[in-house]
Amino acid sequence: MQRIGVFVCWCGSNIAGTVDVVKVAEALKSEPGVVHSANYQYMCSQAGQQLIKDAIKEHNLTGIVVCSCSPRMHEATFRKTAAAAGLNPYMVEIANIREQCSWIHKDMQEGTEKAIVLGRTAIAKVNLNAPLKPGESPVTKRALVIGGGIAGIQTALDIADAGFEVDIVEKKPTIGGKMAQLDKTFPTLDCAACILTPKMVDVAQHEKIRIFSYSEVEEVKGFVGNFDVKIRKKARYVKEDVCTGCGLCTEKCPMKKVPNDFNLGMDNKRAIYIPFAQAVPKIATIDADYCNMLKNGKCGVCAKVCTAKAIDYTQKDEFVEEKYGAIVAATGFNPISMDKFDEFAYSQSKDVITSLEFERLMNAAGPTAGKLLRPSDGVHPHKIVFVQCVGSRCASCAEKGKEYCSKICCMYTAKHAMLTRDKYPDTDVTVFYIDVRTPGKQFDEFYRRAAEEYGVHYIKGMVGKVSPEGNKLIVQGSDLIANKQLKIEADLVVLAAAIEPDKSARPLATMLTASMDTNDFFTEAHPKLRPVESPTAGIFLSGACQGPKDIPETVSQAGAAAAKVIGLLAKDKLTGNPCVAQSDELMCNGCSSCEKVCPYGAITYADKEFRGPNRTTLIRRVAQVNEAICQGCGCCTVACPSGAMDLKGFANKQIMAEVDAICK
Amino acid sequence: MKVSYFPGCTLKTKAKVLDEYARKCAEVLGVTLEEIDNWQCCGGVFTTANDEIATKLSSVRALKHANDKGQPLVSVCSACHNVLKQTNNAMQTDDGFNFRVNQYIAPDKYNGETEVIHYLELLRDKIGYEKVKEKVVNSLAGKKIAPYYGCLLLRPGKVMAMDDVENPTIMEDLIRAIGGEPVSYAFRNECCGGYITLESKELAKAKSKRVSDNAKLNGAEVIVTACPLCKYNLEKNGSDLPVVYITELLAEAFGIKE
Amino acid sequence: MQKITREVLIAKAEELLSNGTVSKVLGLKKGEFSYDQTPAVFTDIESMKKDFVFDDFSGANFSKYLIKETKKGEGKTLVFLKPCDTYSFNQLLTEHRFDREKVYVVGIACDGMVDIKKIKNAFGDGIVSVDATTDTLKVETLYDGVKEIAKAEVLAERCRNCKSKKHVAYDELIGEDGEVISSNRFDQVDELEKMTADERFAFWQNELSRCIRCNACRDVCPACTCEKCVFDNPNSGVQNKAAANSFEEQMFHIIRAFHVAGRCTDCGECSRVCPQQIPLHLLNRKFIKDINGFYGDYQAGEEVGNRAPLVNYTKEDLEPSEAVNKGDK
Amino acid sequence: MQVNEYKPKIVAFCCNWCSYAGADLAGSNRLAYPAEVKVIRVPCSCRVNPMFILRAFQRGADGVILCGCHPGDCHYTSGNYYTRRRMALLFSMLDYLGIEKERTRVEWVSAAEGAKFAATMNDFVKTVTALGENKRLEDLRCKK
Amino acid sequence: MENSKNVCDEIVRISKVNPRKCMKCGKCSGTCPAYDEMEYHPHQFVYMVETGDIEPLLKSKSIYRCLSCFACIDRCPRGVEPAKLVEAVRLMVVRQQGNNHLKPDDIPELLDEDLPQQAIVSAFRKYTK
């Protein structure tokens with residue numbers, strides 16, 4: 001018989017507001033096995049935990065039930081508490097009376113009754129719990145970083161500096177990501193390339209870092225500490241180890257009309273190209289969609305001019321298989337498509353552009369060599385209108401755009417406005433805003449400087465319609481302070497498009513079995529306390545793939561993710577989840593049903609001797625579970641007809657006891 | 001193919017050509033527009049208040065009539081189409097409205113089963129612009145035509161669901177199919193002033209003029225519309241450009257315009 | 001087709017025993033009545049000549065007995081398998097239940113077995129003996145003397161809807177092999193499906209309430225080969241020896257059918273042995289029909305090593321809600 | 001409000017990774033659903049043995065719902081695919097035995113679908129309430 | 001004051017518009033083609049219904065200036081649907097006895113020979129009960 005202690009948490013008023021915690025503690029006192037019952041304001045606090053520890057010792061408890069928030073929140077906390085008091089941590093069960101009770105019910109009586117049932121259910125389970133001991137597995141001391149933007153670069157550098165090997169997989173021909181496309185960075189206005197490119201070089205030169213550029217993750221198997229990853233190195237038709245990056249081919253290639261995606265299609269590149277001067281690795285890549293030689297076998301100019309003989313038109317995609325102990329997702333973001341927002345005439349006029357396009361227009365290495373010229377006619381614009389929140393902060397019922405605030409737009413718009421006014425005082429700049437959000441160090445000061453020192457007109461209101469009329473853009477919007485509808489003749493309109501996670505993130509998440517939110521941002525293990533970890537063990541999050549972020553935030557999160565990876569790789573062995581399948585060999589008949597459904601191949605068979613009738617010996621084939629591989633899904637337990645296979649911690653009897661307790 | 005057809009009041013009077021050519025062009029394409037028996041006026045505008053029942057019953061009757069025949073319900077007039085489609089949507093999505101309407105029309109029953117489409121959708125989705133193209137005998141080669149959608153054809157976008165609300169192409173593609181050159185301009189989905197013309201000629205004029213000026217500025221030779229009120233407003237309010245109905249243009253291309 | 005008689009089988013057994021191919025024969029011997037036969041192991045030809053029986057009552061599926069028999073001693077066991085038995089044989093091999101090398105299978109053609117319950121239904125309980133060696137059965141009754149009845153009229157239910165005359169496993173065949181045949185075995189399931197839920201409930205309530213939990217169905221079933229049945233396992237949470245009320249009958253039969261789903265070869269032994277004449281095969285056939293309908297035709301035991309539908313999946317499988325609503329409309 | 005309003009007993013099996021998290025999210029967003037729903041946490045929907053479902057009915061549950069990750073999103077890659085087959089066959093069998101098919105349900109609820117979780121539970125409780133008490137699979141001894 | 005609240009509740013009920021969803025961006029007013037003719041603009045309708053400041057709206061001619069072009073409905077990022085609110089406020093007025101904004105007697109002088117029936121029908125539906 002267990003000696004169970006019940007601990008009912010108030011969670012301030014979060015639980016106590018709709019659940020009579022005293023009554024719950026009182027009611028659960030008389031449940032079978034319960035020898036102690038208490039309630040407290042905050043069980044997860046140190047004092048609360050101490051209360052539990054003291055009770056374990058005082059009442060000689062063999063099991064505890066904590067009626068509190070979701071086990072996803074504090075199960076681990078209370079297990080540690082139990083362990084500290086000498087109780088096996090798996091003798092702890094949580095009754096979720098917050099998320100699944102007090103927060104969803106308004107009626108005190110209803111909430112209290114349900115909380116009692118939930119507590120009773122947990123008690124019924126604990127009565128059947130047995131102490132569990134986790135197994136161990138080794139750790140491969142190498143990390144994989146997926147995405148080579150500033151997030152991936154920083155994470156890789158930090159991990160490598162700690163002495164561990166890191167591979168970066170980047171789908172584009174060069175690392176650098178979005179930051180490489182930016183001109184200046186807020187709020188200090190230092191140039192993005194000046195601070196980013198040295199880091200890119202550091203990556204290239206670091207002996208612990210390998211870059212798989214123009215590559216994608218194809219398949220991920222395994223689990224924390226032991227991932228098996230297959231990487232597809234896409235054919236770039238240039239031998240990476242031979243190309244010197246001299247760039248001669250990119251000048252001689254006769255195919256000149258290839259939209260330059262680095263400049264967002266605002267100018268052209270050749271069919272063989274190096275994205276930009278400081279690319280890492282600095283190797284040419286052939287765009288197979290445009291290359292005449294690859295399309296119809298006619299040309300071959302690049303091969304002729306290449307003195308290093310690096311061109312290889314027969315190159316095929318290659319696959320690399322590698323083992324990793326940890327994986328970091330750093331897949332970044334993109335501005336959303338403006339297709340559904342054509343009231344701003346993005347598809348109708350070349351002079352309506354997104355902020356990222358404006359970034360390239362301002363950049364010295366951009367399509368206009370840094371001169372601010374209208375894309376339609378190359379004329380210098382005298383009146384620019386910036387529109388903020390295009391596609392951000394849209395209610396889901398509006399069925400377009402994103403519900404969240406994209407976070408970076410207010411600041412980069414202030415930056416654009418300021419830089420424009422600074423470089424071209426003859427250009428008038430107006431910004432339509434809903435709110436200006438500048439929570440960050442030196443951020444509000446920066447925005448105010450744009451308005452006060454540089455004379456940027458900030459108008460509270462939103463643009464309703466942009467109409468191209470001749471070579472002007474008529475911007476119709478409201479000025480809520482003046483209570484007027486404005487019609488501004490502008491030369492250039494810049495839209496602060498919402499940002500969204502890169503499209504590659506969703507399939508990657510599936511491969512990693514990492515969870516995502518409805519916006520396709522990776523979910524963190526805990527929104528506050530574990531912000532750089534995925535709930536899936538061994539998967540870490542860096543940068544905007546987890547949520548919109550500016551550069552300083554991205555870099556700090558990248559470092560945090562690296563710290564977590566280092567913490568993992570520094571271990572020689574990992575203790576696993578002890579809630580794994582277990583085969584009762586006396587009952588197993590060796591039918592192989594369990595083996596067939598196991599997604600991890602954790603079940604094998606062995607011939608074992610058993611005592612038969614009349615002192616005979618029988619040899620039977622029985623299932624055995626490799627506890628290091630088993631992840632504890634329990635699929636085998638249902639495939640097993642005899643019930644020989646059971647799951648520790650979620651045993652048939654335990655679940656049945658829960659069912660019974662609920663239905664009582 | 002046979003479809004149910006709701007012409008609407010104006011097509012029987014001031015906009016006879018819109019009606020006449022709609023039928024004739026459909027015939028050319030092998031579609032018969034079967035006019036609904038004893039149809040009643042749709043009311044011209046959809047009242048969005050959900051406690052307005054009686055004003056929407058005439059539309060429900062037309063919708064039910066088409067449903068009884070198992071046909072889609074087609075109209076040409078943008079206003080009629082808008083009212084019919086919004087009423088049908090309310091029947092599908094607003095349980096309270098549906099309940100009360102069914103009380104009125106009992107023992108009949110209707111739950112929004114009818115497919116409500118505009119004449120343009122009939123051409124695009126049921127017939128196909130490829131087939132329209134085949135029937136062209138008199139190509140409008142190179143004629144610069146500004147499609148004018150106005151409001152009612154497209155909005156509310158979630159209900160009308162005909163095309164992208166801000167960047168529609170259904171008329172542009174039709175114009176291309178019959179040989180014309182569509183003129184893109186921002187005001188093609190801005191209001192002409194609508195019924196306000198009764199109340200404030202000035203406002204109607206201001207609205208319409210911006211539309212026609214914008215079309216002209218972008219090189220249009222003619223404006224084409226599906227709505228009699230749009231046509232009226234544009235013509236009355238100083239458009240230098242001729243304004244024609246979409247069915248007139250189609251008839252011209254098919255060589256059946258008198 | 002060569003008529004399979006007791007004598008033919010004894011001759012084959014004699015040959016195989018004497019040349020050392022097998023060391024024992026798994027067969028049937030007479031019970032209290034001629035139609036009441038029980039399994040027996042014969043290690044010499046004399047005892048076989050004395051006790052071995054084979055006629056149209058010899059319908060038992062021997063596959064399951066092989067599990068225990070092959071574990072005893074060295075040497076091979078000779079077993080005569082009808083076509084339907086060979087499916088169970090393969091299914092058991094798929095589940096590694098015995099060593100193929102320790103069995104010698106002689107496939108025997110079968111034109112259907114008769115059901116004593118049907119004879120009893122025709123002539124009453126007082127049946128002394130039945131000569132079931134020809135197509136017309138001679139039935140000796142206690143009160144009415146010898147009666148005759150056509151074999152076709154008293155053919156076992158499962159044989160009426162025989163699914164295959166083809167042996168899917170054998171070492172040698174007596175006579176020629178047949179073909180897989182199309183049957184109407186799902187007709188009764190169809191009929192039940194067409195009823196209303198209330199009618200179905202009443203039907204099954206009537207049938208299952210007769211269950212006395214004698215476990216004959218479980219004991220005979222070649223798919224029920226667990227070392228310990230889940231209903232006998234104190235750790236399973238559903239342990240019970242005898243049904244205490246209608247729920248447990250339902251629970252037992254649902255779970256039993258579920259456990260054999262995808263593995264049941266539709267051999268019909270469960271219904272054959274049920275003393276209460278509950279049409280248990282209709283539960284199994286429902287699963288087989290659903291599996292065929294939802295995931296494509298599948299015959300358990302058709303080939304050794306096939307992956308049963310319940311330990312398999314495709315990404316496009318239908319949803320449970322679609323499964324239950326398939327009957328609607 | 002009626003005093004003796006019928007309140008069904010509903011057992012909801014939720015997988016730890018998606019649906020249980022979805023239920024938590026419903027809670028965090030204060031999306032109400034009836035208190036009759038009690039959740040049992042299982043590692044994966046494929047842990048749910050048909051025996052658990054029958055046991056619940058035996059002990060007087062009026063409805064049993066099983067929630068898992070969306071097909072393709074299983075934390076264990078394939079668990080819910082097996083669940084889908086098992087439950088399709090089991091539910092079809094229960095229907096065949098004349099048990100009301102509305103008493104059982106499988107729903108895929110992701111960790112982000114708090115609203116769906118609440119809506120699903122509201123709908124399921126509504127459906128089961130309309131059906132009334134479970135009489136066809138109950139064990140009378142288990143009722144007080 | 002109490003009456004204002006009732007009227008607002010009724011407006012919310014029949015329009016099914018939830019003014020609290022508004023984030024005060026002003027896009028409806030930025031888009032409205034009748035803006036310059038209005039004393040109160042679409043975003044003000046939403047705000048005034050939300051705050052219960054309904055009397056000025058009931059008295060204002062602005063309620064007859066909405067063209068029902070639904071542009072504000074489609075462009076609102078929050079799905080507020082201001083046009084439905086304007087319609088509901090107008091109904092509150094014209095449903096009162098003797099409050100028809102357009103009378104049959106007014107019609108003849110408004111007519112011209114090209115005016116489509118549609119315009120008259122629509123105006124009647126909008127301005128009268």
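In E10(A), which residue is the bridge partner of Val166(A)? Hold on to that one, everybody, and I'll come back to it shortly.

A word on what we are looking at. This is a predicted model, where local features need pLDDT of at least 70 and side-chain atom pairs count only at pLDDT 80 or more, while totals for chains, interfaces and linings use all residues. Residues are numbered from 1 along each chain as its sequence is written, and chains are lettered from A and ligands numbered from 1 in the order in which they are written.

Let's start with chain A. Its secondary structure comes to 19 helices and 34 strands; these are DSSP runs numbered from the N terminus, H or I of at least four residues for helices and E of at least two for strands. Of the 664 residues in chain A, 55% are buried, and buried here says that 20 or more other C-beta atoms, placed from the backbone, lie within 10 Å of the residue's own. Among the contacts in chain A with a separation of 6 or more, 70% are between residues 24 or more positions apart. A contact, by the way, has C-beta atoms, placed from the backbone, within 7 Å.

Now please find strand E7 of chain A, residues 165-169, where five of its five residues are buried. Glu165(A), Asp167(A) and Val169(A) lie on one side, Val166(A) and Ile168(A) on the other, and both faces are covered. On to its partners; two strands pair if DSSP finds at least two bridges between them. E7(A) pairs in the parallel sense with strand E6 of chain A, residues 142-146, over five bridges. There, Ile146(A) stands opposite Val169(A). Between these two strands the chain passes through helix H7(A), residues 150-161, in a right-handed β-α-β crossover. Right-handed is the case where, with the strands pointing away from the viewer, the path from the first strand over the helix to the second runs clockwise.

E7(A) also runs parallel to strand E10 of chain A, residues 209-212, with four bridges joining them. And here is my opening puzzle solved: the partner of Val166(A) is Ile209(A).

Next, the cores. A nonpolar core is a set of buried Ala, Val, Leu, Ile, Met, Phe, Trp, Tyr and Cys residues joined through C-beta atoms within 7 Å. The largest has 269 residues, and Ala143(A) and Phe344(A) are among those with the most contacts inside it. Ala143(A) touches several residues farther than four places away in sequence, including Ile159(A), Val166(A) and Leu569(A). Another core lies apart from that one, with 208 residues, among them Ala27(A), Phe62(C) and Val37(D).

How do the neighbours meet chain A? Chain D brings 42 residues to the contact and chain A brings 40. H1(D) gives the most to the chain D side, with seven residues. Chain E brings 16 residues, against 18 from chain A. On the chain E side, helix H2(E), residues 27-31, gives the most, with four residues.

Finally, a look at chain B. Four of its strands form an open parallel sheet in the order E6-E5-E7-E8. Strands E6(B) and E8(B) stand at the edges with a single partner each, so one side of each is left without a neighbour in the sheet. Inside the sheet, three bridges join E5(B) to E7(B), and Pro147(B) has Val224(B) as its bridge partner. Thanks for listening!

Terms used
Buried ≥ 20, exposed ≤ 12 C-beta atoms within 10 Å, placed from the backbone. Contact = placed C-beta atoms within 7 Å.
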